[in-house]
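Please open the model in your viewer and keep the selection tool at hand. The stops below say what to select next and what can be found there.

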Amino acid sequence: MNIRVVETAQQLGEEAAEHASRILQEVIERQGRARLLLSTGSSQFEFLKAFVKQPVEWSKVEMFHLDEYAGIEDTHPASFQAYLKERFISHVNLAKYHLVEGNGDIQQTIERLNVAIQEAPIDLAMIGIGENAHIAFNDPPANFETEEPYIVVELDDACKRQQVGEGWFPSLEDVPAQAITMSVRQIMKSKVILSCVPHAVKADAIKRTLENDITPLVPATMLRSHPNWTLYLDKQSAAQAIRSDSVVNE
């Protein structure tokens, strides 16, 4: 585990974007293509803004999407499909991309994604951490056992409150009850994981992620068991858990 603490969310996004770019280019040079997994949410704004400007051979990158609300149209303001199209896909020339479609036949969507994701390993996964310490939409207590790549999950109230707090929905009642998400085990199969987690609202989640034993009650603790995980924090998100002399830099 590597932990990198910087001053601001903007600096975090820029440094993580450069790091992610280097990884992708090294993979492309070694094997001719790369597979990328992206997360969404307001914590990823700074990263994605910097990432699309990186000198990556995007035409050799295949992108996967982590999660989406069940039953939501891609025209909804909270749709993560729309989020990725606006903030990433429209800015780069990808070889291929796989979006999680929340509307339509959910089982058919899961089957399609499960086939595609198992064709080859994910080379780089960008995995955020939620205010309730979820990864993707694996809310506590998360399923650490299933081998299914994509699953349907129930969203807990803490997760729903985060979505309302970030402005995606007007009220708790408007947040869908379920989501389609990549499972924890599938996330952990990624070769490299980088986590961009800025802002003060994430400080408690970071504290619990770093100080608890690995437990489904704090899903992000599972990331600590990955052999190649880097956690990017800003001063605000690191405030409750990190001392300056305990930071491990690359």
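Select helix H3 together with its surroundings: the buried residues of H3 pack against strand E2 (34-38), helix H2 (45-51), strand E3 (61-65), strand E4 (67-69) and helix H5 (157-165), where contact means heavy atoms within 4.5 Å. Helices (H or I, at least four residues) and strands (E, at least two) are DSSP runs, numbered from the N terminus. This is a predicted model, in which local features need pLDDT of at least 70 and side-chain atom pairs count only at pLDDT 80 or more, while totals for chains, interfaces and linings use all residues. Residues are numbered from 1 along each chain as its sequence is written, and side-chain values use heavy atoms, with hydrogens and water left out.

Within H3, which spans residues 80-87, now pick out Phe80, Gln81, Tyr83 and Leu84, which are buried; buried means under 20% relative accessible area, exposed over 50%, and partly exposed in between (1.4 Å probe, protein chains only). They cover an arc of only 160 degrees around the axis, and therefore sit on the same side of H3; the arc is that of the directions from the helix axis to the C-beta atoms. An α-helix has 3.6 residues a turn, so residues three or four places apart point the same way.

Next, select helix H7 (residues 203-211), whose buried residues are Ala203, Ala205, Ile206, Thr209 and Leu210. Looking down the axis of H7, you will find these buried residues within an arc of 160 degrees, so they line one face of the helix. Their cover includes strand E1 (2-6), strand E9 (192-197), strand E10 (229-234) and helix H8 (235-238).

From H7, follow the chain into the loop between H7 and E10, and stop at Thr221. Thr221 is buried, with a relative accessible area of 0%, and, not counting residues up to four places away in sequence, Thr221 touches Arg208, Thr209, Asn212, Asp213, Ile214 and Thr215.

Move on to helix H1 (residues 9-31), where Arg30 has its place, and compare three positions along this helix.

- Ala17, found in helix H1, counts as buried at 0% relative accessibility. Leaving aside residues up to four places away in sequence, Ala17 touches Phe47, Ala50, Phe51 and Gln54. Ala17 and Cys196 are 179 residues apart in sequence, yet 9.6 Å apart in space, C-alpha to C-alpha.
- Gln25, also placed in helix H1, is buried with a relative accessible area of 14%. Its contacts, again without residues up to four places away in sequence, are Pro55, Val56 and Glu57.
- Arg30 is exposed, with a relative accessible area of 58%. The C-alpha atoms of Arg30 and Ser195 are separated by 24 Å, and these two residues are 165 residues apart along the chain.

Which cysteine sulfur is closest to that of Cys159? Select Cys196 as well: the two sulfurs are 19 Å apart, too far for a bond. Cys159 is buried, with a relative accessible area of 0%, and Cys196 is buried too, at 1%. The structure holds zero disulfides, a disulfide being a pair of cysteine sulfur atoms within 2.5 Å.

Now turn to the backbone, beginning with the loop between strand E6 (124-126) and strand E7 (150-154), in which Pro141 lies. A cis peptide bond, with omega about -5 degrees, joins Pro140 and Pro141. Ala133 is found in the loop between E6 and E7 as well, and its phi is near 70 degrees, a positive value in a residue other than glycine. At 0% relative accessibility, Ala133 counts as buried. For another positive phi in a residue other than glycine, select His199, where the value is near 85 degrees; His199 lies in the loop between E9 and H7 and, at 24% relative accessibility, counts as partly exposed.

Finish at the interior, where the structure holds one cavity of 30 Å³ or more. On a 1 Å grid over the protein atoms alone, a cavity is a set of points where a 1.4 Å probe fits but cannot get out, and lining residues have an atom within 4 Å of a point. The largest cavity has a volume of about 210 Å³, a volume being the space filled by probe spheres set on the points, which are joined across faces, edges and corners. Of the 20 residues that line the largest cavity, select Thr40, Gly41, His134, Ala136 and Gln162, the closest to its centre.

Definitions and conventions: On a 1 Å grid over the protein atoms alone, a cavity is a set of points where a 1.4 Å probe fits but cannot get out, and a pocket is an open set with protein on both sides within 12 Å along at least five of seven lines; lining residues have an atom within 4 Å of a point.
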